[in-house]
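Subject: Structure for your files

Hello,

Here is the structure I said I would pass on. My notes follow it.

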Amino acid sequence: MILFDHVSKTYPSQNRPALDDVSLEIEKGEFVFLVGPSGSGKSTFLRLVLREEHPNSGTVWVLGKDLNRLSNWKIPTLRRQIGTVFQDFRLLPNKSVFENVAFALEVIGKPRSHIRKVVPEVLEVVGLEDKMERRPDELSGGEQQRVAIARAFVNRPMLLIADEPTGNLDPNTSIGIMKLLDRINRLGTTVIMSTHDSQIVDQMRRRVIELETGHVVRDQSRGVYGYAR
Amino acid sequence: MRASFVSSEVGAGLRRNLTMTFAVVITVAVSLALFGVSLLVRAQVTTMQDFWYDKVEVSIFLCARGSDAPSCASGAVTAAQRDQIRADLESLRPLVEEVYYESKTEAFERFREQFANSPIVENVTEEALPESFRVKLADPTQYDVVASAFAGRPGIEQVNDQRKVLDQFFRLLNGLQAIALLIAIVMLVVTVLLIVNTMRVAAFSRRRETGIMRLVGASNFYIQLPFLLEAAVAAALGAGLAIISLVAVKSFVIDGVLAPSFQFTAFVGWDAVLAIAPILLLTGIALASLAAFFTLRKYLRV
C-alpha cells in the first residue's frame with residue numbers, strides 16, 4: 001500500500017532534514033498511528049504520501065505507484081483514491097453539510113444523480129443524516145470533523161490520511177471520531193493518523209510508528225504512546 | 001465536466017470581486033478601443049491610397065517663354081521637342097497608362113475654374129501658364145522611372161509627382177496610427193498586468209476552495225477553468241464595449257462629421273468595422289486567458 005525506501009527530505013530553507021533515510025512499509029488494511037513531537041517529520045511524511053512534496057532522495061510508493069515517476073497530470077487520479085482529514089476540518093463555511101460533501105464529487109465531475117445517492121449514504125455512516133442542511137458554523141467541532149471525514153470517505157478511498165484529526169476536540173468527542181475512523185478501517189480502508197493524543201493511541205492498541213528529528217525511532221504493532229527513550 | 005457547476009462558480013467569482021472585474025472590463029475596453037481606432041486609421045489610409053493613387057498623375061511641365069530653369073535656356077518648348085516627348089512617353093507603355101496633353105488654353109480654363117472666386121485670376125494671363133503632359137502610371141510607385149527619363153531634358157521645365165504631396169499626408173496619418181497603436185500596446189500591457197493581479201487576488205481569496213479541490217483530486221483544468229472563464233468573460237465584456245465605441249466612432253465621427261465636410265475623399269466603410277470587431281474580441285479574450293493561465297500556473301500548482 002505504502003512503501004518508503006530510504007526517503008530523505010530537506011526543505012530548502014532548513015539545514016536539518018525533515019525526514020532522514022526513512023524506510024518502512026504499510027500494508028493494505030492497516031491502522032497506523034504516526035506519533036512524535038512537533039517537527040519530528042509526521043506532516044512531511046503525510047505530505048510525501050499525498051505528493052505535495054518530492055523527496056530529495058529515496059522512493060515513495062503509494063497504491064502501487066512510484067511517486068517519483070508519476071507525471072503531474074496523474075496526481076489528481078492518485079488523490080482521488082486517498083481521503084484526507086485535517087485538524088482544522090477545512091470545510092467551506094458558506095456551504096451546507098450536504099454541499100460540502102457534494103463539492104468533493106462535483107469537482108471531480110461526478111454526475112448529479114450519483115451525488116444525490118452517495119452523499120446521504122456517507123452522511124449516515126458518520127451519523128449526520130439529520131443535519132444535512134446545516135452550515136458548518138452551526139455544528140460542534142466533532143460534527144464538523146465528521147463532515148470532513150464524510151467528504152474524505154465519500155469516494156470510498158483505499159487510503160485515509162488523518163493529520164491530527166482530534167487535535168481540536170475534547171476527549172469525549174475524540175473517542176467518537178476514533179470509533180468512526182475505526183469503522184472506516186474495518187470497511188477495508190487503510191488509515192494513517194498522526195496524533196499527539198496518548199490516550200487514544202493507548203486505547204486503540206494499533207501499530208505505532210514514532211518519528212523523532214526525521215528518524216523512525218520505534219515501529220510497534222499494537223503499540224502505545226509514550227516516547228521511547 | 002459539469003457545466004452548471006462551473007458556470008455558477010464563474011458567476012460567484014465575478015460578483016465576489018466586483019471592483020476588480022469592473023477595472024478589468026474598463027481597461028480591456030479602453031485599450032481595445034484604442035487598438036481598434038488604430039486599425040481603423042490604417043484601414044482609412046488604405047482606403048484613401050486606393051482612392052487617390054487611382055487619380056494621381058505625373059505632370060511634365062514644358063518650358064514657356066521666360067522659364068528660368070536651366071533646361072529652358074533655349075526659350076519656349078518647340079513643336080519638335082513636344083512631339084519627341086510624347087513619343088517617348090508612349091514608348092514607356094505599359095508603365096504609362098495614359099498620356100494627356102494640356103495646352104496653355106486648357107490650363108488657363110482649369111486655373112480659372114479652380115480659383116473662380118479669387119482675384120488672382122485677373123492677374124494671370126494664358127501666356128503665363130505652362131503647357132504640360134499629364135501622365136497616368138499603371139503603378140504610381142514607379143514615378144522615378146518617368147522622372148529620371150524626363151527631368152532636365154531640354155524643353156521640360158519640371159516633372160511633378162502629385163503622389164509626393166499625398167504621401168506627406170499619408171505619412172501624417174500613419175504617424176497618428178503609430179501613436180494610437182503605441183498607446184494601445186501600452187494599455188494592453190497594463191491590462192495584462194491588471195489581469196495577472198486580479199487572478200492572483202482571486203486565487204488567494206479562494207485558496208480554501210482550491211486547496212480542497214486539490215486534495216480531493218480535482219484536475220488542474222477543473223480547478224483553473226472557473227478562473228480562466230472569469231478572465232475571458234470580463235475580457236469579452238470589455239471587447240464588447242470597445243466594439244460599441246468603434247461603431248460610435250464610425251457612425252458619429254466619420255459618417256456624421258468627417259464625411260460631410262470632406263466630400264472630395266473616400267472614408268472607411270462598415271466593412272472595415274466589421275473586419276476589426278472580431279479581431280478586438282479575439283485579442284481581448286486570448287490576451288486575458290493567456291495572462292490568467294500563466295498566473296494560475298504559478299499560484300494554483302498541484
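The contact between the two chains takes in 24 residues of chain A and 16 residues of chain B. Please keep in mind throughout that this is a predicted model. The size of an interface is often given as the accessible area lost when the parts come together. Here chain A and chain B bury about 1,900 Å² between them, and 59% of that area lies on carbon and sulfur atoms.

Polar links across the interface are as follows. One salt bridge is found between chain B and chain A. Its partners are B:Arg214 and A:Glu52, with 3.3 Å between the closest N and O atoms. Four residue pairs are in polar contact across the interface, with both residues of each pair at pLDDT 80 or more. On the chain B side, the elements that contribute two or more residues are helix 1 (3–16) and helix 7 (207–215). Helix 7 of chain B gives the most, with six residues. Sorted by class, the side of chain B that touches chain A has nine nonpolar, four charged and three polar residues.

Next, chain A as a whole. Chain A has seven helices and ten strands. Its radius of gyration is 18 Å, and the globule rule gives 17 Å for 229 residues, so chain A is as compact as a globular protein of that length. The C-alpha trace of chain A spans about 45 × 40 × 35 Å along its principal axes. Of the 229 residues in chain A, 55% count as buried. Among contacts in chain A with a separation of 6 or more, 67% are between residues 24 or more positions apart.

Now the salt bridges. Over all chains, the structure holds 18 salt bridges. One of them joins the side chains of A:Lys9 and A:Glu53, at 3.5 Å from N to O. This pair links distant parts of the chain, 44 residues apart: A:Lys9 belongs to strand 1 (residues 2–9) of chain A, while A:Glu53 is in the loop between helix 1 (42–49) and strand 4 (57–62) of chain A. Are the two partners buried or exposed? A:Lys9 counts as buried because its relative accessibility is 7%, under the 20% cut-off. A:Glu53 is buried as well, with a relative accessible area of 17%.

A second salt bridge is formed by A:Asp66 and A:Arg69, whose closest N and O atoms are 3.4 Å apart. A:Asp66 is buried, at 12% relative accessible area, whereas A:Arg69 counts as exposed at 70% relative accessibility.

The side chains of A:Lys131 and A:Glu143 also meet in a salt bridge, with an N to O distance of 2.4 Å. This pair, too, links distant parts of the chain: A:Lys131 is in the loop between helix 4 (112–125) and helix 5 (141–153) of chain A, and A:Glu143 is in helix 5 of chain A, twelve residues apart. A:Glu143 counts as buried, at 18% relative accessibility.

Which residues do shared salt-bridge partners join into one network? They are A:Lys9, A:Arg47, A:Glu52, A:Glu53 and B:Arg214. The salt bridge across the interface, between B:Arg214 and A:Glu52, has both of its residues in this network.

On backbone geometry, most residues other than glycine have a negative phi. A:Arg51 is not a glycine, yet has a positive phi of about 55 degrees. A:Arg51 sits in the loop between helix 1 and strand 4 of chain A, and is buried with a relative accessible area of 7%. A:Glu164, also not a glycine, has a positive phi of about 45 degrees. The place of A:Glu164 is in the loop between strand 7 (159–163) and helix 6 (171–186) of chain A, and this residue counts as buried at 16% relative accessibility.

One more side chain is worth listing. A:Arg218 lies in strand 10 (residues 215–220) of chain A and is buried, with 11% relative accessible area. The side chain of A:Arg218 reaches the backbone oxygen of A:Val224 at 2.7 Å.

Regards

Notes
Residues numbered from 1 in each chain as written. Chains lettered and ligands numbered in written order. Heavy atoms only, no water. Contact = heavy atoms within 4.5 Å. Buried area = accessible area lost by both parts, 1.4 Å probe. Salt bridge = Lys/Arg side-chain N within 4 Å of Asp/Glu carboxyl O. Polar contact = N/O pair within 3.5 Å; in protein donor to acceptor, adjacent residues only side chain to side chain. Helix = DSSP H or I, 4+ residues; strand = E, 2+ residues; numbered from the N terminus. Nonpolar A, V, L, I, M, F, W, Y, C, P; charged D, E, K, R; others polar. Rg over C-alpha atoms; globule rule 2.2 N^0.38 Å. Buried < 20%, exposed > 50% of the residue type's maximum accessible area, 1.4 Å probe, protein only.
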